[in-house]
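Good morning, and thank you for coming. I would like to take you through one structure, beginning with its interior and moving on to its open spaces and some details of its backbone.

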Amino acid sequence: MHSKNLKPSSLIHPQIRSLSAYRVVPFTGTVKLDAMESPYGFSESLKKKWLELIASVEVNRYPDPTAKELKSKLRQVFEVPDSLLLTLGNGSDELLQLIQMAVGGYGKTIMAPQPSFAMYEIIAQYTRGNFVGIDLDENFQLSQDSWLSGVERNQPACIFIAYPNNPTGNFFDEKLIEDTVRVSDGLVVVDEAYHAYSGRSIMAMAEQYENLVIVRTLSKSGFAGLRVGYMMSQPSWSTEFEKIRFPYNISVLAQESAVFALNHWEEICQNTETVIRHRNSMISHLERMGGIEVFPTQTNFVTIRVKDENATRIFEELQLDGILIKNLHGYHPLLSNCLRLTVGTDDENRQLLAALGRCL
Ligand code: PMP
């Protein structure tokens, strides 16, 4: 092979060179509770009908670029008002990227609370934006003064607020979100990834303010593998986002399967209710264990701090037991000795709690 004396990395932008690829710890065990997946997909009877449907899908054809049927089902099931339009993404990750491609980039500031969902900052880096994080207080809340003065000082082109927040599990004050939208001359993105579990939304606010958009996902409701995210915004925004969305970003299999899931949403919601029940009993169990600080959560995960203990040691011991959770220690000073536990099936949760009890 003829090779020039050229280092590919020298052609890569420094902001990309300084990044590490998003690391997902390989799962080799038996209990996977690290990524906020729902433990429940389709029931056996739904799976049978779904497979029949999938058999008729024409994979030789491109998907519908407008995803008309899927959008109409999403609108119906999630009661999206006519004044808001939908933009779909290959997971909500893709929508977060689409937003930054449209309003971020060189010379633009992107702001988010810290700690929060890592992709806001990663996307800001590789789209050449300037990321500013504003630290939460020790109760994982946004302090009104430092947040709003941060908005005024930094004039961000785009602000991301996860509602509820990952990895802390809590809501931020709704009034503070509204004040943010009022104070900001940029776009405010409220990420409702955990909407299925939190039951709260600021959709009504998005009807009122043009510079507020909402991003959601089907991932946490049992369909992480389908990769379907949806954004609700006023038409002036969706017109622009549509210009940079790949026309076939939602595959035929994802479109058909998501429509099928939405046609059976009542049954899917029962799974969500089950996970919420499991979460609540997991919280009571953890609180009884002692030596653990359990943070309030409105999601399908529980974030804990192990007191007088080493979270990394516990994470590694659980891994040896075949249980994968998320070690948050090292991501941010506020997360010291914190672990994030995704809620699984009754059996998985029992195994996790028993192993945790042995470790402590
Ligand atoms: N937003 C938040 C707050 C998340 O926690 C996640 C997933 N962990 C996502 C967005 C991305 O979800 P997806 O790409 O699967 O839709």
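Let me begin with the interior of this predicted model. The largest nonpolar core has 56 residues, and those with the most contacts inside it are Leu-70, Leu-74, Trp-147, Leu-212 and Leu-218. Helix H12, residues 252-263, contributes the most to this core, namely six residues. At least three residues of the core come from each of domain 1 (8-43 + 266-359) and domain 2 (60-263).

Trp-147 deserves a moment of attention. Leaving aside residues up to four places away in sequence, Trp-147 touches Met-111, Ala-112, Pro-113, Ile-134, Leu-142, Ile-159, Ile-161, Leu-176 and Thr-180. There is also a second, separate core of 28 residues, and Leu-33, Val-275, Leu-318 and Leu-339 are included in it.

I turn now to the domains. The assignment for this chain gives domain 1 (8-43 + 266-359) and domain 2 (60-263). Taken over C-alpha atoms, the centres of domain 1 and domain 2 are 23 Å apart. In the contact between them, 30 residues of domain 1 meet 34 residues of domain 2.

Where does the largest pocket lie with respect to domain 1 and domain 2? Both domains give residues to its lining, so the largest pocket lies between them. Its volume is about 1,400 Å³. The lining comprises 49 residues, and the closest to the centre are Tyr-22, Phe-117, Ala-118, Lys-326 and Arg-340. Helix H5 (92-103), helix H6 (119-126) and strand E12 (326-327) each supply at least two lining residues, and H6 has the largest share, with five. By class, the lining of this pocket holds 26 nonpolar, twelve polar and eleven charged residues.

Two of the residues closest to the centre of that pocket, Lys-326 and Arg-340, are also contacts of Asp-34. Asp-34 is found in the loop between strand E1 (31-32) and helix H3 (44-55). Is Asp-34 buried or exposed? Its relative accessibility is 9%, so Asp-34 counts as buried. Besides Lys-326 and Arg-340, Asp-34 touches Leu-324, Ile-325 and Thr-342, with residues up to four places away in sequence not counted.

The second largest pocket has a volume of about 260 Å³. Of its 19 lining residues, His-195, Ala-196, Tyr-197, Cys-269 and Thr-272 lie nearest the centre. Two or more lining residues come from each of helix H9 (195-198), strand E7 (212-217) and helix H13 (265-289). H13 gives the largest share, six residues. This lining, too, draws at least three residues from each of domain 1 and domain 2.

How many cavities of 30 Å³ or more does a search of the whole structure find? The search finds one, with a volume of about 60 Å³. It is lined by 14 residues, of which Pro-65, Ala-67, Arg-245, Asn-249 and Ile-250 are the closest to its centre. The lining divides into seven nonpolar, three polar and four charged residues.

Ala-67 brings me to the backbone. Most residues other than glycine have a negative phi, and most peptide bonds are trans. Ala-67, although not a glycine, has a positive phi of about 45°. Ala-67 sits in the loop between H3 and helix H4 (68-77), and at 3% relative accessibility it counts as buried. Phe-140 likewise has a positive phi, near 65°. Phe-140 is placed in the loop between strand E4 (130-135) and helix H7 (144-154), and its relative accessible area of 2% makes it buried.

As for the peptide bonds, the one joining Tyr-163 and Pro-164 is cis, with omega about 0°. The bond from Asn-166 to Pro-167 is also cis, with omega near 15°. Pro-164 lies in the loop between strand E5 (158-162) and helix H8 (174-183), and Pro-167 lies in the loop between E5 and H8 as well.

I shall finish with Ala-311, in helix H14, residues 311-320. Ala-311 is buried, with a relative accessible area of 0%. Its contacts, apart from residues up to four places away in sequence, are Val-306, Asn-327, His-329, Asn-337, Cys-338 and Leu-339. Leu-339 is also one of the residues of the second core. Thank you for your attention.

Note on methods. Residues are numbered from 1 along each chain as its sequence is written. This is a predicted model: local features need pLDDT of at least 70, side-chain atom pairs count only at pLDDT 80 or more; totals for chains, interfaces and linings use all residues. Side-chain values use heavy atoms; hydrogens and water are left out. A nonpolar core is a set of buried Ala, Val, Leu, Ile, Met, Phe, Trp, Tyr and Cys residues joined through side-chain atoms within 4.5 Å. Buried means under 20% relative accessible area, exposed over 50%, partly exposed in between (1.4 Å probe, protein chains only). Helices (H or I, at least four residues) and strands (E, at least two) are DSSP runs, numbered from the N terminus. Domain bounds come from an automatic or database domain assignment. Contact means heavy atoms within 4.5 Å. On a 1 Å grid over the protein atoms alone, a cavity is a set of points where a 1.4 Å probe fits but cannot get out, and a pocket is an open set with protein on both sides within 12 Å along at least five of seven lines; lining residues have an atom within 4 Å of a point. Grid points are joined across faces, edges and corners, and a volume is the space filled by probe spheres set on the points. Ala, Val, Leu, Ile, Met, Phe, Trp, Tyr, Cys and Pro count as nonpolar, Asp, Glu, Lys and Arg as charged, and the others, Gly among them, as polar.
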